[in-house]
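Got the viewer open? Grab your mouse, and let's take a walk through this chain one selection at a time.

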Amino acid sequence: MHPDDNDRSDAPGAAQTSDEAGADPAAGGSSKLDEIIATRRAKVAELRAAGVEPYPVRFAPTSTLAELRARYPDLDPQTDTGDAATVAGRIVSIRRLGKLTFVVLREDGMDLQLFCPRAALDEASRALIGLLDVGDWLGADGEVVATKTGELSVKPATLTMLSKGLRPLPDKWHGLSDTEARFRQRELDLVVNADARRVFELRSRVLKALRVELDERGYVEVETPMLHPIPGGATARPFVTHHNALDADLYLRIAPELYLKRLIAGGMRRVYEINRSFRNEGMSTRHNPEFTMLESYEAYADYHD
């Protein structure tokens, strides 16, 4: 292993790239942010001038970061496995120590370190590593190793720019705490707040479980119209739009009730819909004018059943 092998680059004090210190991505009019964006655009131009596409279409990882960590749970320090791996992720930390660079990638909430001695990189990757910033998406192809501190890493021979970030991420240590910014910029919320990702994953599992339960009970999942000629099924103010071909006003549904009941009247015994509904009323972090609702109906039964 390299004699400059150190602790992970995401340890306290491990430097992110210098252009992002103190930057606030929500402060779109700040001169500091404009300077950062200009610097990164210059790097995009430099990459293209060198024949490197900063936004390629395809890349083929052989493992996710989670799979790699599961495959090598307890390597001894200073282990060179001889196993090749191709990984990808968003850069969340960079630390440069002379001819050695540590890069931490994050993918689906899982982090993995790239241990990058300059001598191990090919010529193109040596040029690329100096143009990397936190927030970029990067691919790496190399050997699975453990550093002298026992940190699982990939020691790349080749680096591939997958997407050059033009804006800095929120401050590493303080995250994105402003509620307004979190709800207006969900992509940033997902990048820096692990809880936000867990909510998305939990929601998916809940919907899957609901579908399994209702399907096992003999319910048929259906889709009913979202544009209604009358705002029915609930008492709420609708959103109004105009259908040009019909020259008629239509309403985004406030509830799917009436069309679901038509299906029951048509002879379907049990139906349900996990639907998007819209109500042109108040708005807060707990009440959205566009929301998901489960509604089901069954013949020959009432709520006691």
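**Stop 1: a helix across a sheet**

Select residues 194–216: this is helix H6, which lies across E6, E10 and E11 and runs at about 150 degrees to E10. Axes here are lines fitted to C-alpha atoms, for helices over the stretch in contact, and angles run from 0 to 180 degrees between N-to-C directions. Contact means heavy atoms within 4.5 Å. Helices (H or I, at least four residues) and strands (E, at least two) are DSSP runs, numbered from the N terminus.

Now add H7, which also packs on the sheet: H7 touches E10 and E11, and its direction makes about 25 degrees with that of E11.

Before you go on, know that you are looking at a predicted model, where local features need pLDDT of at least 70 and side-chain atom pairs count only at pLDDT 80 or more, while totals for chains, interfaces and linings use all residues. Residues are numbered from 1 along each chain as its sequence is written, and side-chain values use heavy atoms, with hydrogens and water left out.

**Stop 2: the sheet underneath**

Hide the helices for a moment. In what order do the three strands of this open sheet come? The order is E6-E10-E11, with mixed pairing. Strand E6 (220–221) and strand E11 (290–298) stand at the edges with a single partner strand each, so one side of each has no neighbour in the sheet. Two strands pair if DSSP finds at least two bridges between them. E6 and strand E10 (residues 270–278) run parallel and are joined by two bridges. Zoom in on Glu221 and you'll find Tyr272 of E10 opposite.

**Stop 3: back to H7**

Show H7 again and pick Glu257, Tyr259 and Leu260, which are buried. Buried means under 20% relative accessible area, exposed over 50%, and partly exposed in between (1.4 Å probe, protein chains only). The cover over the buried residues of H7 includes strand E7 (227–228), E10 and E11. Just after H7, click on Gly267, which has a positive phi of about 115 degrees.

**Stop 4: an arginine in a loop**

Select Arg253, in the loop between strand E9 (248–252) and helix H7 (257–265). Is Arg253 buried or exposed? Its relative accessibility is 3%, so Arg253 counts as buried. Look at the side chain: one of its polar atoms lies 3.0 Å from the backbone oxygen of Thr224. The side chains of Arg253 and Glu273 are joined by a polar contact of 3.2 Å. (A polar contact is a pair of N or O atoms within 3.5 Å; within protein, one must be able to donate a hydrogen and the other to accept it, and residues adjacent in sequence count only if both atoms are side-chain atoms.) Leaving out residues up to four places away in sequence, Arg253 touches several others, including Met226, His228 and Phe278.

**Stop 5: another open sheet**

Color E7, E9 and E8: they form an open sheet of three strands in the order E7-E9-E8, with antiparallel pairing. E7 and strand E8 (240–243) are at the edges, each with a single partner strand, so one side of each is left without a neighbour in the sheet. Four bridges link E8 and E9. One to click on: Thr241, whose bridge partner in E9 is Leu250.

**Last stop: zoom out**

Show everything. The chain has seven helices and eleven strands, and buried residues make up 37% of its 305 residues.
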